[in-house]
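User: I should like to learn how to read a sheet and a chain contact in a structure. Please guide me through an example.

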Amino acid sequence: MVQNRNKLIVIFIGHVSNVAVHRILMKAAIEKEGLAEKYLKETRGSFVIALEYRRKINPTDRVLPDAFEVREEIARKVKSELMLRISRGYSGIELDSVGEAVNKVLRELGAA
Amino acid sequence: MEIIAKVSKGSKMDQIYIPRNRMGMAVGSYVVIRPAGEIERKEKSGRLYYYDVKELEPIKLEIVNRIFSVVERSVDELENIIITGSFLDEGYGFNDIDVLVVGNSEFNERELGKEIERETGMKTHFLSVSNSELANGLESDPFYQVMLSRCITKKRFVYKIGRKINYKILDLHLLHSKTLIEGFDVLNGIEKYKFTRNMIAIYLFVKGRKVGRKEVDKEIKKIFGTDPLNIKNDTLDKKNFLERYKGIYNRMFDLIMKGIKDGTKQK
């Protein structure tokens, strides 16, 4: 069961990171207002998957006991994903917003 | 039950003969009689448009009609209703029904979803867009092209438009598919297929090729040397599949990053 939980946390971290990266990149990518709203809905698609995984991880009804480690791992993954893009010439990415974006997603998922 | 029969001339009253061996319409029960032409007209007005969907099970057709009816009475300034996704696949392996509502008015998706669930017992996933957003999406977004390559619509729907590559948007889409590389052991077959399909749709889009469900499945077969069904059934050779998957992912990522960099330079 512990092994199963660890696996679920790995995939949960992956999805939450995607949601956070997606939200940050969206700000950098979308200039037209009409498109921004549509893409926000798409982030919700990843969000729904993350939520499904959150519901499979115990405890489901309160903050994860390992929330700090989970948050650190997500923030590390998000930064690494964004840095990769910056190093390849992608401009306009706000690295400062990583912590806030990760916290927001985790709060929305009831994981922190 | 419906029977089409001819009105016959009688001596005092005219009559309609119907087979004695029939289901329903017992002797003594009341029935409605109306000209067959009216039924045809009614069917024509409730006609649906099928795009790459050869057949739909009668029960699914009933569900589609009910969804259209609920959406029509709940959404103002409605341009079209489009049903897409795995609901249109043969059988009953779908989780929810993807409904694209094209129009210019706002509506409460949650409430509408609840009403449809009450009427049909099915969960729905809504995406609402205006006509111009739909045109933009089809022009610049492989996700839309795959989604709308196979659908049922309320009104005729023609899409023959140009292609505009926005690398930053493609980057957002490709990002989804990265999950498979890290989560191969945890994801189920359907999830793996969706991530693979997403990546291959981007691949075809960037190469300027047609992006539809059939084309994507064909390319998956060609690139991974396995039928898409094996991905859905989660019966893959992990090492071989992941090797090819990472190869395509990295190639696409490089290409997109180059596109973004060049785009930035041009500005």
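Analyst: The following turns treat the sheet and then the contact. This is a predicted model, in which local features need pLDDT of at least 70, side-chain atom pairs count only at pLDDT 80 or more, and totals for chains, interfaces and linings use all residues. Residues are numbered from 1 along each chain as its sequence is written, and chains are lettered from A and ligands numbered from 1 in the order in which they are written.

User: What is the order of the strands in the open sheet of chain B?

Analyst: Helices (H or I, at least four residues) and strands (E, at least two) are DSSP runs, numbered from the N terminus. Two strands pair if DSSP finds at least two bridges between them. In chain B, five strands form an open sheet in the order 3-7-4-5-6, with mixed pairing. Strand 3 (49-51) and strand 6 (124-129) of chain B are its edges, each pairing on one side only.

User: In which sense do strand 4 and strand 7 of chain B pair?

Analyst: Strand 4 (residues 78-84) and strand 7 (residues 151-153) of chain B are antiparallel, joined over three bridges. Within strand 7 of chain B, B:C151 is the bridge partner of B:T84.

User: How many residues does each chain give to the contact?

Analyst: Two residues are in contact if their C-beta atoms, placed from the backbone, lie within 7 Å. Chain A gives 23 residues and chain B gives 20 residues. On the side of chain A that touches chain B, the largest share, twelve residues, comes from helix 1 of chain A.
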